[in-house]
Structure formats: C-alpha cells, structure tokens
Amino acid sequence: MRPVATADMIITNGAVLTMDPDLPRAAAVGIKDGRIIAVGSVDEISRLAGPGTEIIDAKGATVLPGFIESHMHLFIGGAELENLQLDGCADLDLLARELTAFAANRPDAPLLVGQGPDYGIFGDTAPRLVLDKILPGRPVALMAHDHHTVWANTAALEAAGVLHGLETSDGHEVVMGADGLATGALLEPEAYSPVMRLGGQERTMLGLASGREPDPAPSQAERAIDLAHLRRGLAHAAKHGITSIVNMDGNIYTLDLLEELRSAGELTARVRVPFHYVPEMKPENLQTALEMRARWSDEWLASGFVKFFMDGVIDSRTAFMKHDYPGQPGYRSHGRFAAETFAGLATRIDAMGLQIAVHAIGDAAVARVLDGYAAARTANGASGLRHRIEHLELVDDNDFARIAELDVIASVQPPHAPGCSGLPLEPTLSNIGRDRWSDAFAWQKIAGPGAAIALASDWPVSDISVLKGIHSAVTRTAWVPEVPDQRFSLEAALRGYTIGGAYAERSEAYKGSLEVGKVADLVILDRDIMAVADHDEIKDVAVVATICGGRVVFQAGA
C-alpha cells in the first residue's frame, strides 16, 4: 500500500474488525481530518506517521467501527442519571431504605424520582399506599424500566392534580381504585406526565410524550439545565464506545440544543432525531418533519424520519395482541392508530421521502405496521427508505417472512429478552402465554428470511452498555427446551451494532465500517473480543477509547 498522506492519528497493533467484506481484518488504521485514509498492516500504516501524528497502541485488542446505538433516548437518559437507580429492585425493605436515604440528601427536591424497580414490587397493593408508608409527606414517583408506567404516592398525585383521575386518550390511563381515587399506577405518558412535571423533567419527556415543543419557551436557566442533561448523556454514551445515536423521541427543541452543543465543540456523537407523530395530530403536522429534515441533514445532526407508537408493552398488558391475554378473556389491548389511519399516514410519509420508525411490540401491532408499509409500497412503489419496526417482541408466525419481503429494518434490543441482563422472566412470559413463547423475542425467526437487523439498548430502558447488549445477544438461553435457540453469533451481534446500524439509518456510505473515505469513528476494547473463549466473559470486556470524527472523546482513566 502506497502512503497517501501524513496521518493526524494512527491506531496500531490492533485486532481490527473492519466490517468491510473486502478487507475484514487489519492491524492498523490511519486517520486525517476526521476521516479514514488507510487501513492495513502495522508496517503499511506506520509509513503515514509524521512529527505531529498521534499514535495509539491498541496492544492487540479489538478495534471496531464506533458503535451505532440504533434506539435510545439521549435527553431522557441524561436527565435520569441523576435519579435514584433501583435497577430491578423487588424488595420493599430495600426500596424503603434507598428511597429514604435519597430523600434525606435532597430535602428541597419537589419530586423524588426512582428508576427501574421490578414490575411486581407492589404485589396486589395500590402503589400509592405502599409508597405513602415509606415517604408520606413528599411527592414520590418511580419510573418502570420500560418507561411505560410510573408509580406515584398520594402527595405526588395530589400535587399533580390526578388523585381523582384524569381524562386521557386510548392507551393511556390513570388507574383508579374502588375508593374512587387513583391507585398510583399511571400507564403511558399522558397519565404520568403531570406527575413528572413536578420534578422539572417534563421538557426531556416532551419528545416521547407528545412530540410537541416546550410551551412556554424555556428560560435561559432552564435551557442550561437541559444542555447539562444532554452533555451528561453524551458523556455516558462515549464511555461505552457509542459514536452514533438514533434518538427515538424528538422535537425541534432537542435538535436545537444539540446544535448549540455542536457550535461549542461539545457534540461527541452523531445524532439523529425524529419528528414524533402522535394520534392527536393531523397530517398537516408532518410539515414539521420536513422542516426538521431541511434544517438538519448532515453527518453530525440529522432528522428525516417520523416516529410512531403503535402500542405499549407486554409487562403492563398494553401491547396490542392477536390473542387474549392469559386470564383476561376478550382483552387484547389495541393499536393506537386504526389500520386505515396508519396505512394512509405511512403512504403519505413514504411519498414525502421520510423514513418511518414504529414502536410495535405485540403481534397485532407488528401486523398492523406491516400492513401499513405494504399499503405504502402498493401506492408508491418500492421507495428504498428502509422503514423500521422497533422491538418486535411478539410476531405472528405468518409475519416473519413479510418483514424481509417489505425491506423493513428489524430494530431489536437484546437486553429486553426476559432472562437477559438480569431482566426477570415475569410478568413477561405469563403475559405472553406459553403457547406463544416460540414467537416471542424470536430473533433468528426474524433474521432467517433475510431481514436487516439493527441492535440497540433502548437506554435508559436498559443498560446503555453495548458490550452487555452483545453479551445478551450471544448468551441468551431458551426459557424451556422446546423454545428454539434465538442467539446471535458474535460476528452477527457486532455487525448489528456497527454496519447494521448504519444500514438501518441509510448512512452506510459514510460510516459503519472502517474503510478509506469513511468517517473516523472507532472504538478500542481492552482485549481481543474474538479470542474470548467463554462468551459469558463478554460482559466484562471494557471500552478503552472512543474516537468520533477523528477526535478522542473518551479514554479510560483519563
């Protein structure tokens, strides 16, 4: 290989996994002006060194394209890093100790927020009554790990004005008790937003809850708080090797804040932000999606896609199913968009040249989205926009092949499968029903017909760690012997977090693999991941350095 220029940076002595089929393995990479100028052997790349070249010795460890997080919530996650982290807590005594200590250190907090207790922690008792015993005088809210349910105490419900109920649209509910008061269980954003507003985190949730802009406009002090949330989230992502983020909630305000960080040289990952279309909107609102694309469409900040929620989640039985939930005859939940409505919207958005991404967890929700995409194809022809379905946790046996046939991206979150990353089996498996387990989290049944796969965490729903996500993808065990093995190979998992993610966001021409001319986004691990004999040890692999646009944005120990 003939030298082409003096490199700004050289990464050498690495086990380089390029994700380029023409040169899958290498030992060194040369970088200049934020792009890759050479990939090859140590001797070849060393010729590009000059007096000012920064040399990074990978010491035999894996070097990969920077991880692409294909489904996460940056703004929300950054804010929630400051909340009480409960991570699957199922013990009421432990909850009481943690919450009491948390409250003592925050005597002036208007709302005490905890993250991620187990869904079954309250048993059959109204959550507000349990929380009242722990902290009766101060507003408390606990956010479920999936962000579809909040549990609040009486003080929080009273302060938010929902103790006596709240009228919401279908799919959102303030659960009421026999005494005529709210039980404390708040299902979906419309129900819990009034409570979360007490703590000042409502602006971070707007892109998820309503897709609207803050009204009134934030003050300079509030804007400074929100910028700090995003900085915190970006730093957390960089620590885990993430150089590209597909944010799955959004509005203009989120992009405007990210633009301010870019102008200040503080943007440490490439971010895509959607226009979130909710059932209360009208098709004319899609003009905002076009405006967002017009303003942001470069390699660092981009929009160009529309996000929908078709249903809720399995654990709260708000996922839209084709069959009755076990023990609830006649109850299947419902789709948030009628079939005809969604098909019309999908056809319209497809014709506008915008990608579509839809949260669909239940098999009826997945089928409705596929029907909408099929309608768009019939009306407009094959657009090549690579519309997406997010999660696909239960798929009807007749729909697996349709995912590939319609060129739909399957956006899958390995840590969401029950039993992975410490996630309990219940209530998910019981809510699915044993006769459907073979179609649940059926990754290989999705991939088998040829569907394109992108992998993600859905942070802060799950741990942001890509290495833990890879661990889940390759070590998942079947719940019972008759359920097929759904694990990914290590190679497939790595592709799902790199070139697979780039393909899903239609950016594979400039990122996702280590090739000459592509952006210099890389992650260096602390060992050769392909040499790890026991895949269970992958969860212990660490990120040593993260490089985005040719700049080191995270270095272990720095």
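## Strands E12, E13 and E14

In this predicted model, strands E12 and E14 run antiparallel and are joined by three bridges, strands being DSSP runs of type E with at least two residues, numbered from the N terminus. Within this pairing, Thr-149 has Leu-187 of E14 as its bridge partner. Strands E13 and E14 are likewise antiparallel and joined by three bridges, and here Met-176 has Ala-182 of E14 as its bridge partner. The hairpin formed by E13 and E14 has five residues between the strands, and in this hairpin Gly-180 adopts a positive phi near 85°.

Six of the six residues of E14 are buried, so this strand is largely enclosed by the rest of the structure; buried means under 20% relative accessible area, exposed means over 50%, and partly exposed lies in between, with a 1.4 Å probe and protein chains only.

## The sheet and its edges

The open sheet has six strands in the order E9-E10-E11-E12-E14-E13, with mixed pairing, where two strands count as paired if DSSP finds at least two bridges between them. Strand E9 (84-85) and strand E13 (173-176) stand at the edges with a single partner strand each, so one side of each is left without a neighbour in the sheet. E9 pairs with strand E10 (residues 112-115) in the parallel sense over two bridges, and Gln-85 stands opposite Gln-115 in E10.

Helix H4 (residues 127-134) packs on this sheet and touches strand E11 (140-143), strand E12 (149-152) and strand E14 (182-187), its direction making about 110° with that of E14. Helices are DSSP runs of type H or I with at least four residues; axes are lines fitted to C-alpha atoms, for helices over the stretch in contact, and angles run from 0 to 180 degrees between N-to-C directions.

## The surroundings of Ser-462

Ser-462 lies in the loop between strand E23 (452-455) and helix H16 (466-475), and is buried, with a relative accessible area of 11%. Leaving aside neighbours within four places in sequence, Ser-462 is in contact (heavy atoms within 4.5 Å) with Pro-415, His-416 and Ser-457.

The side chain of Ser-462 makes a polar contact with the side chain of His-416 (3.3 Å), and also reaches the backbone oxygen of Ser-457 at 3.5 Å. A polar contact is a pair of N or O atoms within 3.5 Å; within protein, one must be able to donate a hydrogen and the other to accept it, and residues adjacent in sequence count only if both atoms are side-chain atoms.

## Basis of the values

Residues are numbered from 1 along each chain as its sequence is written, and side-chain values use heavy atoms, with hydrogens and water left out. Because the model is predicted, local features need pLDDT of at least 70 and side-chain atom pairs count only at pLDDT 80 or more, while totals for chains, interfaces and linings use all residues.
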